[in-house]
Amino acid sequence: MEDCVFCKIRMGEIPSTILYKDNDFMIIKDINPQAKVHLIAIPYSHVPYIDMMTEEGTTLLGKILGKISHMQQDLGLTNGYRIVINQGEDAGQTVNHVHIHILGGEKLPE
Ligand code: AMP
Ligand code: ZN
């Protein structure tokens with residue numbers, strides 16, 4: 001947790017471009033964008049993997065999906081978007097703090 005980049009962003013110890021935040025999560029710009037718009041929604045609570053989440057955690061993930069849907073225009077997602085959650089090594093998860101990738105702003109590769 002002390003070495004977690006997303007916890008450090010939350011604490012303001014690492015700078016980031018924050019597009020939205022409330023009491024439970026924030027949406028920031030990915031530092032290494034894989035699409036014209038590449039954002040990450042990060043629940044504040046430090047849980048390393050989605051398969052370790054409690055029901056409270058997964059309920060929050062659902063709320064985040066709803067918020068993204070309502071905010072799509074504000075987030076620059078004009079014609080749809082892609083949601084990705086990487087879980088574990090095979091998926092290439094590099095930051096062990098559950099997060100949701102939001103990709104769009106252009107036609108994405110299939
Ligand atoms: P994942 O591979 O699913 O664990 O994704 C981690 C994501 O976090 C990658 O897309 C990184 O580019 C992104 N990332 C890592 N460090 C930062 C940072 N300091 N600010 C914004 N995004 C970051
Ligand atoms: Zn963390």
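These exercises work through a zinc site, two pockets and a strand in a predicted model.

**Exercise 1. The zinc site**

Task: Find which residues donate to the zinc ion (ligand 2), and work out the geometry of the site.

Solution.
- Step 1: List the donors. They are Cys4 (SG), Cys7 (SG), His46 (ND1) and His97 (ND1). Their distances from the zinc ion are 2.0 to 2.3 Å.
- Step 2: Place them along the chain. The spacing reads C-x2-C-x38-H-x50-H.
- Step 3: Check the angles. The four donor atoms subtend 106 to 116° at the zinc ion. The tetrahedral class requires all angles to lie between 85 and 135 degrees. The arrangement is therefore tetrahedral.
- Step 4: Set a reference. Four tetrahedral donors have an ideal angle of 109.5 degrees.

**Exercise 2. Two of the donors**

Task: Decide whether Cys4 and Cys7 are buried or exposed.

Solution.
- Step 1: Take the cut-off. Buried means under 20% relative accessible area.
- Step 2: Apply it to Cys4. Its relative accessibility is 8%, so Cys4 is buried.
- Step 3: Apply it to Cys7. Its relative accessible area is 9%, so Cys7 is buried.

**Exercise 3. Two pockets**

Task: Describe the volume and lining of the largest pocket and of the second largest pocket.

Solution.
- Step 1: Start with the largest pocket. Its volume is about 330 Å³. It has 19 lining residues, and Phe6, Asp30, Ile31, Ile40 and Val95 are the closest to its centre.
- Step 2: Assign its lining to elements. Helix H1 (5-10) and strand E2 (25-29) supply at least two residues each. H1 gives the most, three residues.
- Step 3: Sort its lining by class. Nine residues are nonpolar, eight polar and two charged.
- Step 4: Turn to the second largest pocket. Its volume is about 210 Å³. Its lining includes Asp24, Pro43, Ser45, Met52 and Lys63.
- Step 5: Repeat the assignment. Helix H2 (residues 55-71) gives the largest share of this lining, five residues. By class, five residues are nonpolar, four polar and three charged.

**Exercise 4. Strand E3**

Task: Establish how many residues of strand E3 (residues 37-43) are buried, and which strands pair with E3.

Solution.
- Step 1: Count. Seven of the seven residues in E3 are buried.
- Step 2: Split by direction. Val37, Leu39, Ala41 and Pro43 point one way. His38, Ile40 and Ile42 point the other way.
- Step 3: Pair E3 with E2. The two are antiparallel, over five bridges. Here Lys29 has Leu39 of E3 as its bridge partner.
- Step 4: Pair E3 with strand E5 (residues 100-104). This pairing is antiparallel, over five bridges. Here Ala41 has Ile100 of E5 as its bridge partner.

Note on methods:
Residues are numbered from 1 along each chain as its sequence is written. Chains are lettered from A and ligands numbered from 1 in the order in which they are written. This is a predicted model: local features need pLDDT of at least 70, side-chain atom pairs count only at pLDDT 80 or more; totals for chains, interfaces and linings use all residues. Side-chain values use heavy atoms; hydrogens and water are left out. Donors are N, O and S atoms within 2.8 Å of the metal (3.2 Å for Na, K and Ca); water is not among the atoms, so sites may look incomplete. Four donors count as tetrahedral if all angles lie between 85 and 135 degrees; four count as square planar and six as octahedral if opposite donors are over 155 degrees apart and all others between 65 and 115; anything else is irregular. Buried means under 20% relative accessible area, exposed over 50%, partly exposed in between (1.4 Å probe, protein chains only). On a 1 Å grid over the protein atoms alone, a cavity is a set of points where a 1.4 Å probe fits but cannot get out, and a pocket is an open set with protein on both sides within 12 Å along at least five of seven lines; lining residues have an atom within 4 Å of a point. Grid points are joined across faces, edges and corners, and a volume is the space filled by probe spheres set on the points. Helices (H or I, at least four residues) and strands (E, at least two) are DSSP runs, numbered from the N terminus. Ala, Val, Leu, Ile, Met, Phe, Trp, Tyr, Cys and Pro count as nonpolar, Asp, Glu, Lys and Arg as charged, and the others, Gly among them, as polar. Two strands pair if DSSP finds at least two bridges between them.
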